Amino acid sequence: MAACTRSVGKVLSGCQRCLLSPSGQSFTRVPHFPQKQNARTYAAVKSAKKEQKEEKPKVEKKRIIDDTNRHKPYGLTAWKPIDDVYVTRYYPKPVYEVDTTIDMIKRFQQLDLTYPKQPVYIDLKLDMKLEKKKKVDPFVSVVHLPHPFKTEGNKVLVFTESAEQCKTAEEGGATFVGGTELIEKILDDQIQADFYLAVPEIIPKLLPLKNKLRKKFPKSNRGSVGTNIPKMLELFKTGHEYVVEKDCYITTQIATLDMPKEQIMSNLAAVVQDVCSHRPASFGKFVERAIICSATSEALRFKFDQFLPLAEDEVV
């Protein structure tokens with residue numbers, strides 16, 4: 001019985017050696033090529049998904065900031081005051097409608113018992129930048145206000161050596177008319193005028209007045225040089241002049257406080273539209289900030305978008 005058990009054990013051990021022999025391992029060995037194929041397939045699928053994502057149109061979402069639930073703006077206490085009486089420098093300055101600001105400064109005059117015919121001013125901050133490093137040069141302009149507030153007309157001097165043009169200028173209401181003989185009188189302060197007009201032929205002879213008159217020296221881009229003397233006189237006799245100061249600021253009078261609200265708004269619109277004409281509307285808003293006040297009232301910011309010209313793509 002023991003002999004039979006030993007013989008069976010030898011047979012089983014021999015079969016195990018045959019199964020583990022090199023010839024047996026050659027049939028059971030599997031190459032590792034499928035792993036490389038799986039990696040390539042995964043890379044192809046990943047690139048295809050990436051292309052599909054890139055093909056989808058991108059939708060730009062405009063970020064809308066809601067200030068109602070925000071605690072406070074940078075450097076200030078809160079967006080809106082809770083009480084009726086508060087320190088203004090701790091809160092953002094409110095921006096009112098134009099008609100509201102005019103009513104407010106009229107009300108200030110009644111409460112303060114100040115002069116009822118005091119002047120009304122606007123203060124505009126301009127964006128002088130153009131494309132790349134270019135910018136709009138500071139300018140001087142004359143605008144015809146729909147409702148003039150001056151009681152007297154402007155003094156206008158016309159330079160011309162033509163007898164016919166001198167007669168036309170005098171009939172048009174020019175205060176002074178003449179040629180080169182007026183140069184010495186102007187240099188000696190014997191003659192002073194609000195505006196100086198000239199015909200193109202006499203400009204080279206007026207160069208001695210350039211340092212004296214400075215910004216008032218006749219220039220074609222300001223409309224003070226031309227041959228249509230009646231048209232120039234019509235503009236400058238009742239025209240209102242404003243100047244860009246400190247590179248981007250305009251401070252000018254537009255009316256008096258006793259004028260009706262509609263007339264003040266009409267003059268304001270005329271000035272803002274004339275200012276915007278000095279830069280193409282395609283570059284965006286020319287006016288960045290607008291303030292209105294009277295001689296004794298506080299300054300109030302107002303919304304000026306209704307007075308701005310529309311860009312070409314916005315015109316229907």
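These notebook entries record what I looked up in a predicted model.

**Ground rules.** I number residues from 1 along each chain as its sequence is written, and my side-chain values use heavy atoms, with hydrogens and water left out. Since the model is predicted, I accept local features at pLDDT of at least 70 and side-chain atom pairs only at pLDDT 80 or more, while totals for chains, interfaces and linings use all residues.

**Salt bridges.** I searched the whole structure for salt bridges (a side-chain nitrogen of Lys or Arg within 4 Å of a carboxyl oxygen of Asp or Glu), and the search gave 8. One of them joins arginine 279 to aspartate 127, at 3.9 Å from N to O. Arginine 279 sits in the loop between α9 and β9, and aspartate 127 in the loop between β2 and β3, so this pair ties together parts that are 152 residues apart in sequence. I take helices (H or I, at least four residues) and strands (E, at least two) as DSSP runs, numbered from the N terminus. For burial I use relative accessible area: under 20% is buried, over 50% exposed, and in between partly exposed (1.4 Å probe, protein chains only). Arginine 279 counts as buried at 3%, whereas aspartate 127 counts as partly exposed at 21%.

I then looked at lysine 205 and glutamate 161, whose closest N and O atoms are 3.1 Å apart in a salt bridge. Lysine 205 belongs to the loop between β6 and α7, and glutamate 161 to the loop between β4 and α5, so the pair ties together parts 44 residues apart in sequence. Lysine 205 is partly exposed at 42%, and glutamate 161 is partly exposed at 47%.

A further salt bridge, at 2.6 Å from N to O, joins glutamate 241 and arginine 222. Glutamate 241 is in strand β7 and arginine 222 in the loop between α7 and α8, 19 residues apart. Here glutamate 241 is partly exposed at 26%, while arginine 222 is buried at 14%.

**Cavity.** On a 1 Å grid over the protein atoms alone, I count as a cavity a set of points where a 1.4 Å probe fits but cannot get out, and as lining those residues with an atom within 4 Å of a point. The search found 1 cavity of 30 Å³ or more, and the largest cavity holds about 50 Å³ of space. Its lining includes Arg222, the salt-bridge residue from the entry above, along with Tyr196, Leu197 and Phe236. β6 gives the most to this lining, with 3 residues.

**Nonpolar cores.** I define a nonpolar core as a set of buried Ala, Val, Leu, Ile, Met, Phe, Trp, Tyr and Cys residues joined through side-chain atoms within 4.5 Å. The largest has 39 residues, and Leu124, Leu126 and Leu268 have the most contacts inside it. The largest share of this core, 8 residues, comes from α9. Counting contact as heavy atoms within 4.5 Å, I found that leucine 124 touches residues including Ile250, Val272 and Ala290, with those up to four places away in sequence not counted. Apart from the largest core lies another of 28 residues, among them Tyr196 and Leu197, which also appear in the cavity lining.

**Glycine 178.** My last entry concerns glycine 178, which is in strand β5 and is buried at 4%. Its C-alpha is 6.6 Å from that of valine 158, although the two are 20 residues apart in sequence.

Terms used
On a 1 Å grid over the protein atoms alone, a cavity is a set of points where a 1.4 Å probe fits but cannot get out, and a pocket is an open set with protein on both sides within 12 Å along at least five of seven lines; lining residues have an atom within 4 Å of a point. Grid points are joined across faces, edges and corners, and a volume is the space filled by probe spheres set on the points.
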